Amino acid sequence: MPHSLRIGTRASPLAVWQAEHVRAALLRLHPGMAVEIITMTTSGDVLLDAPLHALGGKGLFVKEIEDALQQQRVDVAVHSMKDVPALQPDGLEIVAIMAREDVRDAFVSNTFPHPDALPEGARVGSSSLRRRAQLLERYPHLRVDDLRGNVATRLRRLDEGHYDAIILAAAGLKRLGLPDRITHLLDIDCSLPAVGQGAIGIEARSDDRQTRELLAPLADADTQNCVLAERSMNRVLGGDCRLPVAALARWQGSQMLLRGLVATPDGRRVLHAEAKGSDPVALGMAVAAALVAQGAAEIIGDVRNA
Ligand SMILES: NCc1[nH]cc(CCC(=O)O)c1CC(=O)O
C-alpha cells in the first residue's frame, strides 16, 4: 500500500466535494493513508463567457487534470462522468465509477412551482442543448438563455432575477447540501439526463497497477454497467456534453433498460430509442443504431456545423 496518494480535481465546490467523497471512501478501506487533494483550474472554468456548446474541443473540464495525471503530478483524477469525453486518452483509464446520486434534472425557481406554470416568454437559464431541446419540445413558448458557471454562481444569477427558472442536475444540489433549492424534480420522461449524470468517475494511469487496485473496491458494479451502456451509445453517436444527446440506463431485474434521445436544439425534432440487454457495450450500440436509423447522425452533424 502506498503511504500517500494525490487526487487531482477541479477547484469548484462540487468537484472538491466529490474528491473528498473519494478520499473518505479510501480512508474507510485504508485508515491512516495520506490522501492529498490537489485542485486545478480547467479551461472550462476559465472560459465562462462563451456558451459551452460553442467552445471547441471536448473534455473542457477534464483535460488539465488528465495532463497532470499523465505527467504524474497526481495519481488519481476524480471527475463527474458527465464531463468525461466518450474517448479515453492513451494510457489513462476510468478504473471505478461510484454509486450514482439522483440522476434527474432539477427545476429551480423562486416564483414558479413547476415548469407547467411558466408563462409565455418566461426566461429559463441553461447552457445545455440537451436541456434546452427537451424544455422547448414541451414548452415552446419559453425563452431559454445561456447560463454558465458553477452551481452557486447559477443560483445567484437566478436569485438576482436574471431568470424565472433554471435547470440544474439534482446530484450537484444534493451533494452541495442544497436539496432545498430543488423546486421540482423533472421526471426522466420530461428531461432525460446527460450520459453519466450523477456518477463520479475515478481515473488512473493504466500502468499504475497499485493505484488501480486500491481504487477498484470503490466501484459500484450496477452503476458502472449503466454508465458504460450510456457511454457506448454516445461513442457511436460521437456525442459529448455539448450536443443535444441524452441517455439513461437502469437495471430492471437481470437486464438494463437503456433509453436514448437525440434532438434538434429547438426541440422540434426529438428522436427516442430504447432497448434492453445485459451487455452494456452491445446495448449502447443497439440504441445508437436505432437513433441513427431515425436520422440522429444528420441532427448531430447540423449542430456541429452550426
Ligand atoms: N456540466 C457541469 C456539471 N457536471 C456535473 C454536474 C452535476 C453533477 C453530476 O451530474 O454528477 C454539473 C452541473 C449541472 O449540470 O448542473
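1. Is glutamine 72 buried or exposed, and how many other C-beta atoms lie within 10 Å? In this predicted model, glutamine 72 has 10 other C-beta atoms within 10 Å, and because a residue counts as exposed at 12 or fewer, it is exposed. The residue sits in the loop that runs between α3 (63–70) and β3 (76–80), and although glutamine 72 is not a glycine, its phi is positive, at about 60°. As background to that point, most residues other than glycine have a negative phi.

2. On the overall fold, the secondary structure of the protein amounts to ten helices and 13 strands. The radius of gyration is 19 Å, close to the 19 Å that the globule rule gives for 306 residues, so the protein is as compact as a globular protein of that length. Measured against its principal axes, the C-alpha trace spans about 60 × 45 × 40 Å.

3. On packing, 47% of the 306 residues of the protein count as buried. When contacts between residues at least 6 apart in sequence are considered, 70% of them join residues that are at least 24 apart.

4. The largest nonpolar core has 85 residues, and the members that touch the most others are Val76, Ala106, Ile166, Leu237, Leu258, Val262 and Val287. Helix α8 (residues 221–237) gives the most to this core, contributing seven residues. In soluble globular proteins, nonpolar side chains tend to be buried together.

5. Alanine 106, one of the core members just named, can be followed further through its contacts. Once its neighbours within four places in sequence are left aside, alanine 106 is in contact with Ile167, Leu168, Ala169, Ala170, Leu173, Ile182, Leu185 and Leu186. Among these partners, Leu168 and Ala169 also appear among the residues around the ligand.

6. The protein is divided into domain 1 (4–98 + 199–219), domain 2 (105–185) and domain 3 (235–305). The centres of domain 1 and domain 2, taken over C-alpha atoms, are separated by 27 Å.

7. Which residues are found around the ligand? They are Ser80, Lys82, Asp83, Leu168, Ala169, Ala171, Gly172, Gln197 and Gly198, and the elements that give two or more residues to this shell are β8 (165–169) and α6 (170–175). Sorted by class, the shell has three nonpolar, four polar and two charged residues. Because domain 1 (4–98 + 199–219) and domain 2 (105–185) both give residues to the shell, the ligand lies between them.

Methods
Residues are numbered from 1 along each chain as its sequence is written. This is a predicted model: local features need pLDDT of at least 70, side-chain atom pairs count only at pLDDT 80 or more; totals for chains, interfaces and linings use all residues. A nonpolar core is a set of buried Ala, Val, Leu, Ile, Met, Phe, Trp, Tyr and Cys residues joined through C-beta atoms within 7 Å. A residue is buried if 20 or more other C-beta atoms lie within 10 Å of its own, exposed if 12 or fewer, and partly exposed in between; C-beta atoms are placed from the backbone. Helices (H or I, at least four residues) and strands (E, at least two) are DSSP runs, numbered from the N terminus. Two residues are in contact if their C-beta atoms, placed from the backbone, lie within 7 Å. The radius of gyration is taken over C-alpha atoms; the globule rule is 2.2 Å times the number of residues to the power 0.38. A residue is near a molecule or strand if its C-beta atom, placed from the backbone, lies within 6 Å of it. Ala, Val, Leu, Ile, Met, Phe, Trp, Tyr, Cys and Pro count as nonpolar, Asp, Glu, Lys and Arg as charged, and the others, Gly among them, as polar. Domain bounds come from an automatic or database domain assignment.
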